[in-house]
Amino acid sequence: MQTRLLGTTGPQVSALGLGCMGMSALYGEADRAESIATVHAALEAGVTLLDTGDFYAMGHNEMLIGEALRAAPAALREQALTSVKFGALRDPDGGWSGYDGRPAAVRNFAAYSLQRLGVDHIDVYRIARLDPNVPIEETVGAIAELVEKGHVRHIGLSEVGADTIRRAAATAPIADLQIEYSLISRGIEDEVLPTTRELGIGITAYGVLSRGLISGHFTADRQLAPTDFRSMSPRFQGENLQHNLSLVEALRKIAEQKGVSVAQIAIAWVLSRGEDIVPLVGARTRERLTEALGALDVTLDDADLAAIEQAVPADAAAGDRYPAAQMSHLGTDR
């Protein structure tokens, strides 16, 4: 497995990370046994970075990862690095109530995550979205105290803009920024990515297949459950969906010419953007994981990249990546 450095202050990690959210929430039913088997298969393949959030199904995802780690061979368990997002407030009905970045809340969230994961430290810890009522310096400072005490190894950020990144980095060393980045979500390229590169901060890119939209497996007639995030996502609605799937078909032609899948070429494109970027793949099954890992063997030359750019230009996607009510919490506008 290829490896990359997570920024200048972060750990060495596998070139691909495993995003585990879909094993618990927001993308339809998932099979628990298959989810655990997928985590094990990822570890066996050399994947080291496991990404979760304490609010994914109200702690379910952390407990799932904890169970998978306990059942894994010791050598694989020891190589696993946990990346945890915190701060999102939920209610018993599954609703969302904002974000809490107060230092006392940071310590509280961390205590519960350590228990659910069954670990003595979290490798990368980050607030999921900026709390508009708490300066980022206070939130990052609280994580820095957890680092001093050995409960956290590295500080991360999630979905924040260039100014917030600079303020956070002036407070404590930042290992990486987790943010959406894919062929059809390229908002970080203007300001965010230049800023992280200037400051030596890595990127863990989520949504590299845009929640399955550019995986090559999503079809216009697919029925989504009301609880599936994509049933509310603008890019999966009506004419937007038809337009976006036409981009996928253009990408499919290039993939077929190279003898790879659409998902593999989409992941390979993110990998090609720089050694400081680690794509998170949201595989929920061993089959999808195997496909994603195949992207590591895909080499894109200048001609390939030019063809991809022509097929899926920047800003080609129709619709925002989140519903309007959630866009204000994001560090980039697309």
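The following exercises, with worked solutions, concern helices, buried residues and backbone angles in a predicted model.

Residues are numbered from 1 along each chain as its sequence is written, and side-chain values use heavy atoms, with hydrogens and water left out. In this predicted model, local features need pLDDT of at least 70, side-chain atom pairs count only at pLDDT 80 or more, and totals for chains, interfaces and linings use all residues.

**Exercise 1.** Determine how helix 2 and helix 4 are oriented to each other.

*Solution.* Helices (H or I, at least four residues) and strands (E, at least two) are DSSP runs, numbered from the N terminus. Two packed helices are described by the angle between their axes and the distance between the axes.

Step 1. The axes of helix 2 (residues 60-71) and helix 4 (residues 103-117) come within 7 Å, and their crossing angle is roughly 40 degrees. Axes are lines fitted to C-alpha atoms, for helices over the stretch in contact, and angles run from 0 to 180 degrees between N-to-C directions.

Step 2. Angles under 35 degrees count as roughly parallel, over 145 as roughly antiparallel, 65 to 115 as roughly perpendicular and the rest as oblique. Helix 2 and helix 4 are therefore oblique.

Step 3. On helix 2, Glu-62, Met-63, Ile-65 and Gly-66 meet Ser-113, Arg-116 and Leu-117 of helix 4; contact means heavy atoms within 4.5 Å. By class, this contact of helix 2 with helix 4 has 3 nonpolar, 2 polar and 2 charged residues. Here Ala, Val, Leu, Ile, Met, Phe, Trp, Tyr, Cys and Pro count as nonpolar, Asp, Glu, Lys and Arg as charged, and the others, Gly among them, as polar.

**Exercise 2.** Establish where the buried residues of helix 8 lie, and what they pack against.

*Solution.* Buried means under 20% relative accessible area, exposed over 50%, partly exposed in between (1.4 Å probe, protein chains only).

Step 1. The buried residues of helix 8 are Leu-241, Asn-244, Leu-245, Leu-247, Val-248, Leu-251, Ile-254 and Ala-255.

Step 2. Viewed down the axis of helix 8, its buried residues fall within an arc of 160 degrees, so they line one face of the helix. The arc is that of the directions from the helix axis to the C-beta atoms. An α-helix has 3.6 residues a turn, so residues three or four places apart point the same way.

Step 3. Glu-239, Lys-253, Glu-256 and Gln-257 are exposed on the other side of helix 8. The buried residues pack against helix 9 (262-271) and helix 11 (302-311).

**Exercise 3.** Describe the surroundings of Leu-247 in helix 8 and of Val-270 in helix 9.

*Solution.*
Step 1. Leu-247 has 10% relative accessibility and therefore counts as buried. Val-270, at 0%, also counts as buried.

Step 2. Not counting residues up to four places away in sequence, Leu-247 touches Ile-184, Ala-311, Val-312, Ala-316 and Ala-317. With its neighbours within four places left aside, Val-270 is in contact with Tyr-181, Ser-182, Ala-205, Val-208, Ile-277 and Pro-279.

Step 3. Val-270 and Ser-182 are 88 residues apart along the chain, yet their C-alpha atoms are separated by 6.3 Å.

**Exercise 4.** State where Met-58 and Asp-315 lie, and what phi each has.

*Solution.* Most residues other than glycine have a negative phi.

Step 1. Met-58, in the loop between strand 4 (49-53) and helix 2, has a positive phi of about 55 degrees. At 45% relative accessibility, Met-58 counts as partly exposed.

Step 2. Asp-315, in the loop between helix 11 and helix 12 (324-327), has a positive phi near 65 degrees. Its relative accessible area is 61%, so Asp-315 is exposed.
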